[in-house]
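Me: I would like to go through this structure by way of a few questions about its backbone and its packing. Please reason briefly before each result.

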Amino acid sequence: MPGKLKVRIVAARDLPVMDRASDLADAFVEVKFGQGVYKTEVFRKSLNPQWNTDWFKFEVDDEELQDEPLQLRVMDYDTYSSHDVIGKLYIDLNPLLWNEGASNISGWFPIYDTMHGVRGEMKVVVSVELFPDLNKFRQSSCGVQFFSTSQVPARHTMSAVLGFVEELVVNDDPEYQWIDKIRTPRASNEARQLLFSKISGQLQRKIGLKVLEIGGNAVLGYWQCFDLEGESGIVVRGIGTAALLQKMDTPLSPTSLSPPKDFYKDVYPFWNFRLPPVSHDNQSETGSYESIGGTAKTWQGGAPPSPTKGVPIRHHGSENDLTGSIGGGSSGSGGHRMSRVMPPLMNTDLLEYPFFTMMSFPVDFIAHLAGMVTARSVKLLDKIHNPDEPETRDAWWREIRTEIRSHANAMGCHAVVGYKETTTICDEICVLSASGTAAVVNVALLQRSTNQPSTLTLSLDRTEFVKEQNEASGSATDGMSDSFHQETGCSLCHVPYKDSTLPFPVTLSKCQICRKHKVPDILITTIEPPVEIQYTGRGCFLQARICRPKKHAQGEINAAQVGDALPFMEYELHRRIINKLKVKGMNALFGLRVQMIVGEELLVGTATGTAVYIAALPPPSTLKLTGKSGTVDEDNKELISLQKRISEAIVKNKEQYNLNTTDQTPEGLTDSPKHSDSQQDVDDLNDSLLGNQYRDTYILEIDDADNKDIADALLERDLPAGFFSCSTEKMPGDLNLTKQVQTLNLVWRQSMKHPTNQNMSRIFETLLQTLCFKLRALSPCCLCSLQFDVALPEDEIVQIWVTGALLAVSDSKGSRNSDDADLMFAMEEVSIPQLTQTPVKGLKASSKLDKKLHIKDLSACREVQLTPLPNIPGAHIDEYLGYINIFFIRESTSLIQGGGVNGFMHHFITEVNAMVRSHVAALGGNALVVYTMIDCILMENPHKNQCQCLVNVSGDAVHVQYDSDVTYIGQRGGDSRGSSPRILPQSGS
């Protein structure tokens, strides 16, 4: 599909002084795309040049538009020497290459230099015109939209979910090329930054081709990261969930952090039907479906079959078969038009990897949750025979994904939700990790249907098909109604396996709501808390950390050390976080993220999640300490005192988080299940006898100093009063979150000469307490999507990158005035006399000195919100404008003069946020949701006064409409932005 790229350079402002004689600059701009280069005229003697050029036109293929970024270099003209570089600008053109995207890019962009940072601004107008091309052998994927958000985007419906897509691209690292020894640091950084932009576009194009091949038009939960393998090269990886989306004509109501239970059902009515019965003639394990009302049936027995087994899958490869094909024509800035009548159907049993990278799902999409599955592998980079080819890395990831799939099958599940892949690289060691949640999903719920759902069957006999269809449409049988499970949400917690079929021991008990099906004692998942599950009380942030020293080695000896230590470290992490969960008085973890970091002489592991209490699961057992002999001697006063402190902490936590678990059974529930089978009564008796043995107490044996450290870690200090936190995007419970105050980005570096678990935990506790102290003026508030990324850049140095969103909590007592306290560090002391003629709101008459937050009047400027959440509280998303993915490199050779590492990082993050905001505003947006800093690589050389940092930022550029009842952040009272229209970028000056 050929296209035309048009670029217009309007003006620049606030350029740096390049001529010391006149304190001015002779600036001009070099416009480059692919092999084409244009230059503007030199604007003499000015720091605010006005070019107002005509259109620079490039005629290129759409493949090049996807792969290549637009390069704009601002230069200072010199007559007798080479021109000096002021800065560069890279513009990604992918947001202009799909139907619903922006028509052009227009706005002021910061001029960025990798050695000096931002050096002024430049106004640019970019437009793309695509022409229809019916060539089916083209290599472009224009029209496929990428979403960082891990849920169904606002104002969109998902007609079909098509499965897991992945790709990786390998290239040489310019930092390790021979020419890097003779070129300047600026040239090396620019070559690296340009390469990152190119391979990122190339990766999206290849993934888009896979999506088009299976009949999709979007990628949800897209995750892209760079692996810097040193001399082996750079690997950029991308994973996502292919889907077929349709945009809704009517706007949605303003979204909130906790949508109502029936929100998705009101918007997407075709998600309300359930799966019909399935024939199980080919099942080797005993079991049967038991009707629970209507057409819904629950599998009773071993590993359940896939709900989608028997669903036809669309095959590709026939050139003459044009049914459901994708039209190649497009016009304007769009891509492909969908010409099919029905969306393709997906069978999870026929997929190679039935993985879903989404974290939040429509109601009833997940039938059962089994638990978390993880796989890790240690590889040597110097053993790669062809570093420039991706085959070796592909084989590595195939091993990991196959292991994840086998773990899910062992737990009776056919899909993995909340799937994610990460790597940790240290010298020649590369640790590949993958994790997710084994689940049984109802893919057929996403297929549009008539009033009667279609029956899934494995049998080819028409008689059997008619029989099953009649059974599906028959009257309800005895048992609990389907609406009961739908309202209580307990079916998600019902295990899809039997304890006898698992390769490891597990304790099961009766569901505390329906009293019929089996549930685990503890549920651990990597997804967001489903809205249909019934919760008790409020959730909280939970984290466990460990570290292990290792000997300095190389090659296979080093890999053997790491490989032997990782399983024990992961077991220890899970043991610690489960013990903390029991002390909190809760029984489930959501959004669990386990990170393993490898250093030269240190191994660090962290596990972060959100603890909640699910009403369907049994109450957590009491934690009891014992000695080596299995009892606690009266002479051992230390253990007795520790047991008393833990018991008091459990009682305090239940009261603090409103965990009233005295009666979890709804009214009239005990009479609803009709059990006429005598064997069922025997099972209930056995469960009651054996269940109490496990649930009454949970024994933790204390036999050495290390285990005493574990017990001490259970009694970590809570956050100060007025602060709440969670690692998930939504806070489970009754906490009323009103609006976002700001986004948190914090880099913490600290030396740790003695690597012990206590010292590691002390670093994290100090970090959290320091963060709360800086945010004390904004309480009550909640830290949502709180994530910790740990790195070991040097010996005895631990680097922690903290990100999150600070949300205001409505305070019924009126302890603070949120309209005047929205910024973080602009606090100063104001002297107030005792007797004032004009009363000041919020001041006490007896106080002489008060603290007040002064904010700037931002009503005149156009603020762009950055949030790691998929939506902004108090607003709803009007339109998605494109996927933003930018890689920044910053280097300094005057580290001490710039305030050290702290000043360098603070300045750099501020510049990164400013450049991201400019790209969003140029697309016509006013917010960036799912704002993520994926990679933060900080390298310091204090002896040479040097420092370098690499940051990868991604997110979804959107335009949001603010609710008229919610005051815009930074806006004075009385102003309303709820009805402000969207400002589109103009093609003129």
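Me: Among contacts in the protein between residues at least 6 apart in sequence, what percentage join residues at least 24 apart?

Reply: The model is a predicted one, and its secondary structure comes to twelve helices and 38 strands. Counting the contacts between residues at least 6 apart in sequence, the share that joins residues at least 24 apart is 77%.

Me: Does Ser785 count as buried or exposed?

Reply: Ser785 belongs to strand 31, where its phi is near 50°, a positive value in a residue other than glycine. Most residues other than glycine have a negative phi. The relative accessibility of Ser785 is 11%, and because buried means under 20%, Ser785 counts as buried.

Me: Which residue in the loop between strand 31 and strand 32 has a positive phi although it is not a glycine?

Reply: Strand 32 covers 797-809, and the residue in question lies in the loop between strand 31 and this strand. With 46% relative accessibility it counts as partly exposed, and its phi is about 65°. The residue is Glu796.

Me: Where is the peptide bond that is cis, with omega near 0°, and that leads to Pro780?

Reply: Pro780 is placed in the loop between helix 11 (757-774) and strand 31 (781-791). Most peptide bonds are trans. The cis bond here runs from Ser779 to Pro780.

Me: How many Å apart are the end C-alpha atoms of helix 12?

Reply: Helix 12 has 23 residues, 900-922, and at 1.5 Å a residue these should span 33 Å. The distance between its end C-alpha atoms agrees with that expectation, at 33 Å.

Terms used. Residues numbered from 1 in each chain as written. Predicted model: local features only at pLDDT ≥ 70, side-chain atom pairs only at ≥ 80, totals over all residues. Heavy atoms only, no water. Helix = DSSP H or I, 4+ residues; strand = E, 2+ residues; numbered from the N terminus. Expected span 1.5 Å × (residues − 1). Contact = heavy atoms within 4.5 Å. Buried < 20%, exposed > 50% of the residue type's maximum accessible area, 1.4 Å probe, protein only.
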